[in-house]
Amino acid sequence: PVDTVPAVASETVYIGTQGGRIHALDIAQGETRWEHELAGAVRSSAAVVGGAVYIGSFDGSVYALVEE
């Protein structure tokens, strides 16, 4: 399940899930660009700044993910 508002930047949608994953989806193709597992559920929306995706997790951490 998804409890967050998706973030959109550079033709990519970022969605966090209660299952503790963040997904980066290509807007045009609808395909997964990448996904990353976090240590807890995601109940906050992602923020995209300067090429990094910042996301809070229910484990009490904020993650900064950079696509290479």
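Which residue lies over the face of Phe58? In this predicted model, that residue is Arg43, found 4.5 Å from the ring centre.

Rings also meet rings here, though just one aromatic pair turns up in the count. The partners are Tyr14 and Trp34, and their arrangement is tilted, with 50 degrees between the planes and 6.1 Å from centre to centre. Tyr14 belongs to strand E2 (residues 12-16) and Trp34 to strand E4 (residues 32-37), so the pair ties together parts that lie 20 residues apart in sequence. As for solvent, both Tyr14 and Trp34 are buried. Tyr14 has plenty of company beyond its sequence neighbours: leaving aside those within four places, its contacts include Pro6, Ala7, Ala9, Ile22, His23 and Ala24. Trp34, Ala46, Val48, Val53 and Glu67 are also among the residues that Tyr14 contacts.

The strands around this pair are linked by hairpins. E2 and E3 run antiparallel and are joined by five bridges, with Val13 standing opposite Leu25 in E3. Four residues sit between the two strands of this hairpin, and Gly20 there takes a positive phi near 85 degrees. From E3 the chain goes on to E4, again antiparallel and again with five bridges. In this pairing His23 stands opposite Glu35 in E4. The E3-E4 hairpin has five residues between its strands, and Gly30 in the turn shows a positive phi of about 75 degrees.

Further along, three strands make up an open sheet, ordered E5-E6-E7 and paired in the antiparallel sense. Strand E5 (47-49) and strand E7 (62-66) are at the edges with a single partner strand each, so each has one side left without a neighbour in the sheet. On average, and with direction ignored, neighbouring strands of this sheet are turned by 25 degrees against each other. Between strand E6 (residues 52-56) and E7 there are five bridges, in antiparallel pairing. Val53 has Leu65 in E7 as its bridge partner.

What about the nonpolar side chains? In soluble globular proteins, nonpolar side chains tend to be buried together. The largest nonpolar core in this model holds 12 residues, among them both members of the aromatic pair, Tyr14 and Trp34. Val53 and Leu65 are in this core too, along with Ile22, Leu38, Val42 and Ile55. Strand E1 (7-9), strand E3 (21-26) and E6 each supply at least two of the core residues.

Two residues make a handy contrast, starting with Ile55 in strand E6. Ile55 has a relative accessible area of 1% and is buried. Not counting residues up to four places away, Ile55 touches Ile22, Leu38, Val42, Ser44, Ser45, Ala46, Ser61, Val62 and Tyr63. Ile15 is 40 residues from Ile55 along the chain, yet their C-alpha atoms are separated by 9.6 Å.

Asp59, on the other hand, lies in the loop between E6 and E7. With 31% relative accessibility, Asp59 counts as partly exposed. By the same sequence exclusion, Asp59 touches Ala39 and Gly40. Ser45 is 14 residues from Asp59 in sequence and 15 Å away in space, C-alpha to C-alpha.

Key
Residues numbered from 1 in each chain as written. Predicted model: local features only at pLDDT ≥ 70, side-chain atom pairs only at ≥ 80, totals over all residues. Heavy atoms only, no water. Phe/Tyr/Trp six-rings, centres within 6.5 Å; stacked < 30°, edge-to-face > 60°. Buried < 20%, exposed > 50% of the residue type's maximum accessible area, 1.4 Å probe, protein only. Lys NZ or Arg CZ within 6 Å of the ring centre and 35° of its normal. Pairing = 2+ DSSP bridges. Axes fitted to C-alpha atoms, helices over the stretch in contact; angles between N-to-C directions. Core = buried A, V, L, I, M, F, W, Y, C linked by side-chain atoms within 4.5 Å. Contact = heavy atoms within 4.5 Å.
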